[in-house]
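Okay everyone, thanks for coming. I'd like to walk you through one structure today, mostly its charged pairs and one sheet. Let me put it up.

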Amino acid sequence: EEEFKWLLQEEVHAVLKQLQDILKEASQRFALPAGGSAGAVKQQNFALSTSGTDQVKGVLTLQGDALCQADVNLKMPRNNQLLHFAFREDKQWKLQQIQDARNHVNQAIYLLMNRDVNYQFKTGSEVLKLMDAVMLQLSRARNRLTTPATLTLPEIASSGLTKMFTPALPPDILVNFYINLNKLCLTVYQLHVLQPSTTKNFKPAGGSILHNPGAMFEFGNQRYEVSHVHKVECVIPWLNDALVFFTVSLQLCQQLKDKISVFSSYWNYRPY
C-alpha cells in the first residue's frame, strides 16, 4: 500500500514532468521560431527528388505549417517540353496535417499541465484515464503525419492548390502536396482527355492517396484519364524528430499504465 501511495504521489508526477518536457520539445519543432525574432518562423528550403526519373524537379520553401513557395520544373514525356511553374507571390499553401498534429500535441500538453505537482492522484484508475487521454492525442498527432488524406481526382482538380501557380497550370496537369511520415511529397498527374467516341469503358476512380495511370474521372463536363504520375519528395528533419518524440512519449505512457495495472490487479486480488 505504501509503495502504491509513493507511486501515485511521486513517480506519476515525475513521469508527467518528463512527458511535458518531451512534448514541449515536439511542439517547438512545429513552431520553428527564428533566432532572435520572437514569434517569427524561419523559412527552410528543401530540394525535391525521386529515385526513379528526373521528370520533376523543384525546390519547396516551408515556413512552419505553410508551404510559402514551390518552384517546380516538369519535363513532359510526350514531347520533352519543359514546363516551369511556381507559387504566386501572394499565395501560401497551409499544410493541414502539420497544423492538426501540432494541435493534438498542444492538447496533450494541456492535459498534463492540468495535473500539476500539487495535484493528488487518489486512485490508479485516475492515472490510467489521464494516460489514455494523452495517448489518444499523441496517436492522433502521429496518425495525421503518417496517414495522408485520401482524395478523389475531382477533389484534387477543384482544390485551391490548382490556382496557386504562375503561370497557371495547364488543364491537363494536376498537383497535390501532402505529408507522409517525415516527408513532404508532391504528386504531379498528367492527364489526357477521353474523347466521347472512345471505346474505353469509363469507370471513375474513388478516393486514394496516390492515383495510378489509367485512373479516370469527370470534371467540368469533361472526362479525363491519368496518363503519367510523378511523385517527388523531400525529407523534413524536424518532422522526423517529432515522430521520435511521439514514440518515446507513447512508450512512457504505456510503461506507467503497466505499473499502475500491476498494483491495481494486486490490490483487487489480494487475500483478506
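So, to get going: is lysine 259 buried, partly exposed or exposed? Lysine 259 has a relative accessible area of 39%, and partly exposed means between 20% and 50%, so partly exposed is the answer. Keep in mind as we go that this is a predicted model.

Now, who does that lysine talk to? Lysine 259 makes a salt bridge with glutamate 11, and the closest N and O atoms sit 2.4 Å apart. What I like here is that the pair ties together distant parts of the chain: lysine 259 is in helix H5, residues 237-269, while glutamate 11 is in helix H1, residues 2-31, and the two positions lie 248 residues apart. The glutamate end is a bit of a contrast: glutamate 11 has 18% relative accessibility, and the cut-off for buried is under 20%, so glutamate 11 counts as buried.

Staying with helix H1, have a look at arginine 29 and glutamate 25. They form a salt bridge too, with 3.0 Å between the closest N and O atoms. Why do I call that one local? Because the two residues are 4 apart in helix H1, which is about one helical turn. Arginine 29 is partly exposed at 23%, and glutamate 25 is partly exposed as well, at 33%. And the pair isn't on its own: Glu25, Arg29 and Asp241 are linked in a network of salt bridges.

One more pair. The side chains of aspartate 90 and arginine 88 meet in a salt bridge, 3.0 Å from N to O. Aspartate 90 is exposed, with 55% relative accessible area, whereas arginine 88 is partly exposed at 33%. How many salt bridges are there in total? The count comes to 11.

Right, on to the sheet. There are 4 strands in an open sheet, ordered E7-E8-E10-E9, with antiparallel pairing. Strand E7, 173-180, and strand E9, 216-219, are at the edges with a single partner strand each, so one side of each has no neighbour in the sheet. On average, neighbouring strands here are turned by 40 degrees against each other, ignoring direction.

In the middle of that order, let's zoom in on one pairing. Strand E8, residues 183-193, is joined to strand E10, residues 222-235, by 11 bridges, and the two run antiparallel. If you want a spot to click on, cysteine 185 stands opposite glutamate 233 in E10.

That's my tour, happy to take questions.

Technical notes. Residues are numbered from 1 along each chain as its sequence is written. This is a predicted model: local features need pLDDT of at least 70, side-chain atom pairs count only at pLDDT 80 or more; totals for chains, interfaces and linings use all residues. Side-chain values use heavy atoms; hydrogens and water are left out. Two strands pair if DSSP finds at least two bridges between them. Axes are lines fitted to C-alpha atoms, for helices over the stretch in contact, and angles run from 0 to 180 degrees between N-to-C directions. A salt bridge is a side-chain nitrogen of Lys or Arg within 4 Å of a carboxyl oxygen of Asp or Glu. Buried means under 20% relative accessible area, exposed over 50%, partly exposed in between (1.4 Å probe, protein chains only).
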